[in-house]
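Let's take a walk through this structure together, one contact at a time. Keep the viewer open and follow along as each part comes up.

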Amino acid sequence: MPGRSSRGDTLRPLATLAFVLVVATLCSPRPAGVPLFWQPENLSNMLRQISDIGILAVGMTVVIVGGGIDLSMGSLLALSCTLFAHVFTTQTAWWSPAAAATLAIGICAGIGVLSGTVITHLRLQPFIVTLAAMIGARGLARWWVDNSTIAVGYDERTRPLVEFAGQKAVVVPAFLAVALAGFVLLRFTRFGRYVAAVGGSEETARLSGLPVASVKIRAYAFSGLVAGIAGVLYCCETHQGDPKAGMAYELDAIAAAVIGGTRLAGGRGGIPGTLVGALVLGIVSNVLGLNNVDENVQWMLKAGIIVAAVWLQRLGSTERN
Amino acid sequence: MKKQLFVLMAATAMMFAGCGTETPDTAGSPTDAAGGKPIRLAYVTNGIDPFWTIAAAGVRAGAKDLGVECEVLMPPKGLVDQKRMIEGVLSNGVDGIAISPIDAANQVEFINQAAALTNVITQDSDAPGSNRLCFIGMDNYKAGRQAGVLVKEVLPEGGKVMIFVGRLEQLNAQQRRQGVIDELLDRPVQSGTDVRFDLAAAELVNARYEIVGTRTDNFDYAKAKSNAEDAIATFGDLRCMVGLFAYNVPNCLAAVKEAGKTGTIKIVSFDEADDTLQGIIDGHVHGTVSQQPYQYGYQSVRVLTALAKGDKSVIPEGGFIEVESVVVRKDNVEDFFAKLKILRAE
C-alpha cells in the first residue's frame, strides 16, 4: 500500500531531531552553567516561532503526499491575515471577529479548491497552478488594502481578542491541533489513504476506481484552509494585517516536510515527520538567534543544516535518490 | 480542446476589455515647464509599512493642494522591486520622482540614470554622492542621538541595550544606529554628512552602557518578534530595547509582555506605530522619535511640482530640506496621537 510509512521512515526524522538537539545543547549559551536553549521560556518561544510555518507545513504535507505541491501557501497566509484585519477593524458588530475569521479562512480554502480544480480539470502542473495562485493571492491581498498594512488590536474593541489569540498559550496549541487534525486525516481516514494512493501512483489509483480529482481538490482545500488559519494567527501575533506577510514561508513549509521524510514525488510521508522537520528548522533558528548570529549568516548556516538533516535522515534508507 | 481554447480566448478578450486606461480629469491643473501636459509625479517608498501610509496621506494632500497627479509606489519585495517600479514610471514618463533608497551605496548609478531622465529627489533616506537634486528628511544621525537621550532618561544607571532594525543596508538605519551608539557611549557628535559607522561585531561598551547587538529581520514582523524573544532569553540582564523601524517596537513590546518583563526591560522607539504610542500612554514604552512622515509626502510633492515648473529655488544650499523630528513622551503623546489619527483619516 503506497503511503504507509515504514518504521525506518519514523525513526530517521527522530534521529535527525536527536542530532539537532545535541548540537543545540552544545552550542547553546550557558549564562549560569545551564544551556539557555532548554529553559522553558525559550522552548515555548521556539514553539511559537515555528507555529505559523508548522501549520503551513501540515497542509503542505497533505498536498505533497498526494503528489502535488502548493506554492501559494505563504501568499494565502498574507491574504487571510489582511482580510481578517480589514473586516475585523471595519465591522464593529459583535460578530465581526467570527465573520472576519470565517471569511478569511473560507476564501483561502476556496482558492485551494480553485487551484485543485484547475490542476485536475485542466490537467496543468501543480507547480504552475499554485505559482499562479501565489502571485494572484498576494496581488489580491495588496489590492484589498491598497498596499497598506492594517493595525489591529489597538482599540478597546479589538484588543482583548487579538491579544488573547496572539499569545503563545493559544498559538502553540492551535498549531498542535492543526497537526493532530492533519495526522488523523492522513492516518485514520479513507481520504488519507486515498491521498497516499493518488500520490503513489495516480494512474493506478484511477484504474482502481478512486475519485482522484475529488481527492486532489480536497487536499488543496485543506492546505488553503490551514494557510487561512495560520494567517489569522499571524495577524493576532503581530497586530498587523500585512499583505507582505509570509514571503517564502511556503519554502520553509516544504523544507519542514522534506526534512521530516515526506517524499517530494508523493505517496509517502506523514505529519509526525513534518512536526520533526518544523522543530529542526525552529531549533536551528533559535540557537543561532540565542548566539546573536547575524541574520545573513543564519541563512547560510540554515541552508547547510537543512541539507545535512535531509542527508542524515536518508542514511540507511533504501530510497537514496 | 476546442472548448478550452474558446474559454481561454474569451477570458483574454475580457481581460483586455477591462484594461482600458482611466483618464484623470486634469483640466485646470498645473503643467510642466514646457507648458504642455499636466504634471505627473511618483513617490516611491522602501517597502510597505504603516509609516508609509501616513506619508501617502501627505502625498495625497500635497497633490490635491497643488493640483498635480502623484502615484505612490510601495515595493513589497525590496531593492529589485523598487528598481522595477522606478523603471516603470520612467517608461511611462513622469515629471519627477521622490525615492527612499533601499541600498544607498549601491543605488547611486541607478539614481543617476533616473536623474538623467527626470527630476529625482530622495526622501526619508538619502543617497549621497548621487545626482539627486535634494534630500527631504530628518537628520537620522541626530534623531539617533535623540533616541539615545531617551535611553539615558529611562535608564540613567546604565545596562545592556539591544538595537532592532529591519535592515542595515539603508543609510537612515545606519545613521540612526550610529546616533544611538554615539550618544550612549558619550562620543562627540559626528558631522551629518560624514558619519563613521561601527561594525555590527564591534565591542560597544563604556562605563554605563553596553550595546550587546543589532538584530535585523528583513521586514518580517514574525522574525522581528522572534528576535526580541531570543534577545530576552539570551541576555537575562537586558535592560533596554531600541527599535529603529516603526514595527520593531510593537514586536519588542509583545515579546516583553509575554516574558513578564514589562517595566524591567525599557523600550525606546522610532516612528509612530499605534502600539508604540499606546505603549507610551500605558507607560510600557518610554518614548519615540517621530519623523513626521506626513511632511515627507507633502514636501516631496511641493518640491517636485516646483521643479517640474522649472523653479529651482526650492532647492536649498547643501540640498537638504530638514523635516524636524518630534520626540514623543508621556507628556505629549495623547495630543500627538489625536493629530495623527486625523492625518491618517485624510
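With which residue does Lys168(A) form a salt bridge? The partner is Glu41(A), and the closest N and O atoms of the two are 3.0 Å apart. Lys168(A) sits in helix α7 (residues 168–188) of chain A and Glu41(A) in helix α2 of chain A, so this pair ties together parts that are 127 residues apart in sequence. The two ends differ in how they are covered: Lys168(A) has a relative accessible area of 11% and is therefore buried, the cut-off being under 20%, whereas Glu41(A), at 36%, counts as partly exposed. Please keep in mind that this is a predicted model.

The pair is one part of a wider set, for a search of the whole structure finds 25 salt bridges over all chains. Chain A also holds a network of them, in which Glu202(A), Glu203(A), Arg206(A) and Lys216(A) are linked.

Chain B has its own examples. Glu324(B) and Lys142(B) meet through their side chains in a salt bridge, 4.0 Å from N to O. Glu324(B) belongs to the loop between β12 and β13 of chain B, and Lys142(B) to helix α5 (residues 140–154) of chain B, so parts that lie 182 residues apart in sequence are tied together. Both ends are partly exposed: the relative accessible area is 45% for Glu324(B) and 34% for Lys142(B). Helix α5 of chain B takes part in another link too, since Glu183(B) forms a salt bridge with Arg145(B), with the closest N and O atoms 3.0 Å apart. Here Glu183(B) comes from helix α6 of chain B and Arg145(B) from helix α5 of chain B, 38 residues away. Glu183(B) and Arg145(B) are both buried.

Helix α6 of chain B leads us on to a sheet. In chain B, 7 strands form an open sheet with mixed pairing, in the order β7-β8-β6-β9-β10-β11-β13. At its edges are β7 (204–205) and β13 (326–328) of chain B, each of which pairs on one side only. Helix α6 (residues 171–184) of chain B packs on this sheet and touches β6, β7, β8, β9 and β10 of chain B, its direction making about 170° with that of β6(B).

Strand β6 (residues 159–165) of chain B deserves a pause, as 6 of its 7 residues are buried. On one side, 7 bridges join β6(B) to strand β8 (residues 209–216) of chain B, and the two run parallel. Strand β9 (residues 238–243) of chain B also runs parallel to β6(B), joined by 5 bridges. Met162(B) is a handy marker for both pairings: its bridge partner in β8(B) is Gly213(B), and in β9(B) it stands opposite Met241(B). Further along, strand β10 (residues 266–270) and strand β11 (residues 287–290) of chain B run parallel and are joined by 3 bridges, with Ser269(B) standing opposite Thr288(B).

Chain B has another open sheet, this one of 6 strands in the order β2-β1-β3-β4-β5-β12, with parallel pairing. Its edges are β2 (69–73) and β12 (320–322) of chain B; each has a single partner strand, so one side of each is left without a neighbour in the sheet. From one strand to the next the twist averages 20°. Within this sheet, strand β4 (residues 119–123) and strand β5 (residues 135–137) of chain B pair in the parallel sense over 2 bridges, and Thr122(B) has Phe135(B) as its bridge partner in β5(B). Helix α2 (residues 50–66) of chain B packs on the sheet, touching β1 (40–44), β2 and β4 of chain B, with its direction at about 170° to that of β2(B). Helix α10 (residues 293–308) of chain B packs on the sheet as well and touches β1, β2, β3 (96–99), β4, β5 and β12 of chain B; its direction makes about 160° with that of β4(B).

Finally, how do the chains meet? In the model, 36 residues of chain A are in contact with 37 residues of chain B. Together the two chains bury about 3,100 Å², 46% of it on carbon and sulfur atoms. Tyr154(A), Lys244(A) and Glu295(A) supply 19% of the area that chain A buries against chain B, more than any other three residues. There are 3 salt bridges between chain A and chain B; Arg48(A) and Glu229(B) meet in a salt bridge at 2.8 Å, N to O.

Key: Residues are numbered from 1 along each chain as its sequence is written. Chains are lettered from A and ligands numbered from 1 in the order in which they are written. This is a predicted model: local features need pLDDT of at least 70, side-chain atom pairs count only at pLDDT 80 or more; totals for chains, interfaces and linings use all residues. Side-chain values use heavy atoms; hydrogens and water are left out. Buried means under 20% relative accessible area, exposed over 50%, partly exposed in between (1.4 Å probe, protein chains only). Helices (H or I, at least four residues) and strands (E, at least two) are DSSP runs, numbered from the N terminus. Two strands pair if DSSP finds at least two bridges between them. Axes are lines fitted to C-alpha atoms, for helices over the stretch in contact, and angles run from 0 to 180 degrees between N-to-C directions. Contact means heavy atoms within 4.5 Å. Buried area is the accessible area (1.4 Å probe) that two parts lose on being put together, summed over both.
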